[in-house]
Amino acid sequence: MNDDYAARIAQQAVWLLIASGEIAGVLVLLEEDDHLLLDNVAVDPRHQGKGIGRALIDFAEQEARRRGHAEIRLYTHQAMHENIVLYPRLGYEETGRGEQAGFQRVFFRKILR
């Protein structure tokens, strides 16, 4: 939420999904030494329920494979109960919980095959 998106765009870490001529979704991927971090995935509320979030996550996993990573990681806020239930259904395993950058987070990873 407080991320410097100008810097992320300069790093070529941001992808946009355009639908009906407008930004419907945003994805931020950060390269790490041993994995790709899905730092942010967001869907405009007007476009929710159309599979855009799932498409962005699928793209992130494909991008991780393309870059040669065997693992993708992500985190969500502990209050985001829907995400905490969703990610395991998508094959992610919870790896821990704790405070990071002042937020209570739940950490996940997925081994890519």
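Two strands pair if DSSP finds at least two bridges between them. Keep that in mind for strand E3, residues 36-43, and strand E4, residues 71-77. They pair in the parallel sense, over 3 bridges. One thing before we go on: this is a predicted model.

Let's look at that pair. Leu37 stands opposite Arg73 in E4. E3 and E4 also belong to a unit with a helix. E3, helix H2 and E4 make a right-handed β-α-β unit.

Now the whole sheet. How many strands form it? The sheet has 6 strands and is open. Read across, the order is E1-E2-E3-E4-E6-E5. The pairing is mixed. Which strands sit at the edges? They are E1, residues 14-19, and E5, residues 93-100. Each of these pairs on one side only. Neighbouring strands are turned against each other by 25 degrees on average, direction ignored.

Let's walk through the other pairings. Start with E2 and E3. They run antiparallel, and 7 bridges join them. Leu27 has Val41 in E3 as its bridge partner. The connection is a hairpin, and E2 reaches E3 through 4 residues.

Next, E4 and E6. Here the sense is antiparallel, over 7 bridges. Ile72 has its bridge partner in E6, and that partner is Lys110.

Then E5 and E6. These strands run antiparallel, joined by 7 bridges. Glu94 is partnered by Phe108 in E6. E5 and E6 form a hairpin too, with 2 residues between them. Look at Ala101 in that turn. Its phi is positive, about 55 degrees.

On to the helices. What does H2 lie across? Helix H2 covers residues 52-66, and it lies across E1, E2, E3, E4 and E6. In residue numbers, E2 is 22-31 and E6 is 103-111. H2 runs at about 160 degrees to E3. Helix H3, residues 81-89, packs on the sheet as well. H3 touches E3, E4, E5 and E6. The direction of H3 makes about 160 degrees with that of E4.

Let's zoom in on one residue of H2. Glu63 is found in that helix. Is Glu63 buried or exposed? Its relative accessible area is 7%, and buried means under 20%, so Glu63 is buried. What does the side chain of Glu63 contact? It makes a polar contact with the side chain of Arg66, at 2.6 Å. Leave out residues up to four places away in sequence, and Glu63 touches Trp15, Leu29 and Leu36.

Now two loops. The first is between E3 and H2, and Asp44 lies there. The side chain of Asp44 reaches the backbone nitrogen of Arg46 at 2.8 Å. With its neighbours within four places in sequence set aside, Asp44 is in contact with Ile23 and Ala24.

The other loop is between H2 and E4. Gly68 is found in it. Why does Gly68 count as exposed? The relative accessible area of Gly68 is 63%, and exposed means over 50%, so Gly68 qualifies. Compare Gly68 with His35. They are 33 residues apart in sequence, and 8.8 Å apart in space, C-alpha to C-alpha.

Last topic: aromatic rings. The structure holds 4 aromatic pairs. Take Tyr87 and Tyr92. Why is this pair edge-to-face? The ring centres of Tyr87 and Tyr92 are 5.9 Å apart, with the planes at 65 degrees. Planes over 60 degrees apart count as edge-to-face, so this pair fits that class. Tyr87 is buried, and Tyr92 is buried too. Which residues make up the cluster here? Tyr87, Tyr92 and Phe108 form one aromatic cluster. We met Phe108 earlier, as the bridge partner of Glu94 in E6.

To wrap up, three things to find on the screen. Find the open sheet, with its 6 strands. Find H2, lying across E1, E2, E3, E4 and E6. And find the cluster of Tyr87, Tyr92 and Phe108.

Conventions. Residues numbered from 1 in each chain as written. Predicted model: local features only at pLDDT ≥ 70, side-chain atom pairs only at ≥ 80, totals over all residues. Heavy atoms only, no water. Axes fitted to C-alpha atoms, helices over the stretch in contact; angles between N-to-C directions. Contact = heavy atoms within 4.5 Å. Phe/Tyr/Trp six-rings, centres within 6.5 Å; stacked < 30°, edge-to-face > 60°. Buried < 20%, exposed > 50% of the residue type's maximum accessible area, 1.4 Å probe, protein only. Polar contact = N/O pair within 3.5 Å; in protein donor to acceptor, adjacent residues only side chain to side chain. Right-handed = clockwise from strand over helix to strand, strands pointing away.
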